[in-house]
Amino acid sequence: QVKLVESGGGLVQPGESLRLSCAASGSIFAGNSMGWYRQAPGAVRELVAEMSYGGNSNYAESVKGRFTVSRDDAKNTVDLQMDSLKSEDTAVYYCNVRQWVTGVQFDYWGQGTQVTVSS
C-alpha cells in the first residue's frame with residue numbers, strides 16, 4: 001500500500017505563488033509516475049502536472065510556463081511550484097502516484113489540499 005501526505009495549500013491573491021509538497025511512503029517502486037491533479041467545484045478531476053521516473057514532465061496547457069513539477073526519488077516526494085496564480089487555479093489539488101505491477105496500473109491519491117486564489 002502507498003500513503004500520500006500533502007501540504008502547502010492555502011489562500012493567495014492573483015499573481016502570487018504557492019508550493020505544494022507530497023510525501024509518499026509504503027510500497028514505492030521504481031519506474032512510477034508522480035504528479036498532481038486538481039478538481040474544481042462541479043468539474044472533473046484533471047491532470048495538472050506529472051513527472052516520470054526518468055524525469056520527463058507533462059503539463060496541462062493551462063499551467064504551462066507558470067507551474068513546475070519536481071520530484072526527489074531518494075525521499076519519495078513530489079512538489080508543485082505554482083507561480084502567477086489565477087482565480088481559475090482555485091481547486092482541491094491531489095497528489096498522485098501511478099505505478100505498474102506485473103503490467104497492472106495502480107493509482108494512489110492523497111487526501112487533497114485546497115488552493116484558493118482570490119483578491
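Glutamine 99 is placed in strand 9 of this predicted model. Is this residue buried or exposed? With a relative accessibility of 2%, glutamine 99 counts as buried, because the limit for that class is under 20%. A polar atom of its side chain lies 3.1 Å from the backbone nitrogen of phenylalanine 29. Phenylalanine 29 also appears among the residues that glutamine 99 touches once those up to four places away in sequence are set aside. The others in that list are Val2, Ser27, Ile28, Asn32, Val104, Gln105, Phe106 and Tyr108.

Strand 9, which spans residues 91–101, also contributes to the nonpolar interior. The largest nonpolar core has 29 residues, and those with the most contacts inside it are Trp36, Leu80, Met82 and Tyr93. Two or more residues of this core come from each of strand 1 (2–7), strand 3 (18–26), strand 4 (33–39), strand 5 (46–52), strand 7, strand 8, strand 9 and strand 11 (113–117). In soluble globular proteins, nonpolar side chains tend to be buried together. Methionine 82 offers a view of these surroundings. Apart from neighbours within four places in sequence, methionine 82 is in contact with Glu16, Ser17, Leu18, Leu20, Arg66, Phe67, Tyr93 and Val115.

Several of the strands named above are also joined in a sheet. In what order do its strands stand? The sheet is open and is formed by 4 strands in the order 1-3-8-7, with antiparallel pairing. Strand 1 and strand 7 stand at the edges with a single partner strand each, so one side of each has no neighbour in the sheet. On average, and with direction ignored, neighbouring strands of this sheet are turned by 15° against each other. Strand 1 and strand 3 run antiparallel and are joined by 6 bridges. Lysine 3 stands opposite serine 25 of strand 3.

Two loops complete this account. Most residues other than glycine have a negative phi. Asparagine 76, although not a glycine, has a positive phi of about 55°. Asparagine 76 lies in the loop that links strand 7 (67–72) and strand 8 (77–82), and its relative accessible area of 22% makes it partly exposed. Which loop holds serine 84? Serine 84 is found in the loop between strand 8 and strand 9. Its phi is near 50°, again a positive value in a residue other than glycine. At 40% relative accessibility, serine 84 counts as partly exposed, because that class lies between the 20% and 50% limits.

Terms used
Residues numbered from 1 in each chain as written. Predicted model: local features only at pLDDT ≥ 70, side-chain atom pairs only at ≥ 80, totals over all residues. Heavy atoms only, no water. Buried < 20%, exposed > 50% of the residue type's maximum accessible area, 1.4 Å probe, protein only. Polar contact = N/O pair within 3.5 Å; in protein donor to acceptor, adjacent residues only side chain to side chain. Contact = heavy atoms within 4.5 Å. Core = buried A, V, L, I, M, F, W, Y, C linked by side-chain atoms within 4.5 Å. Pairing = 2+ DSSP bridges. Axes fitted to C-alpha atoms, helices over the stretch in contact; angles between N-to-C directions.
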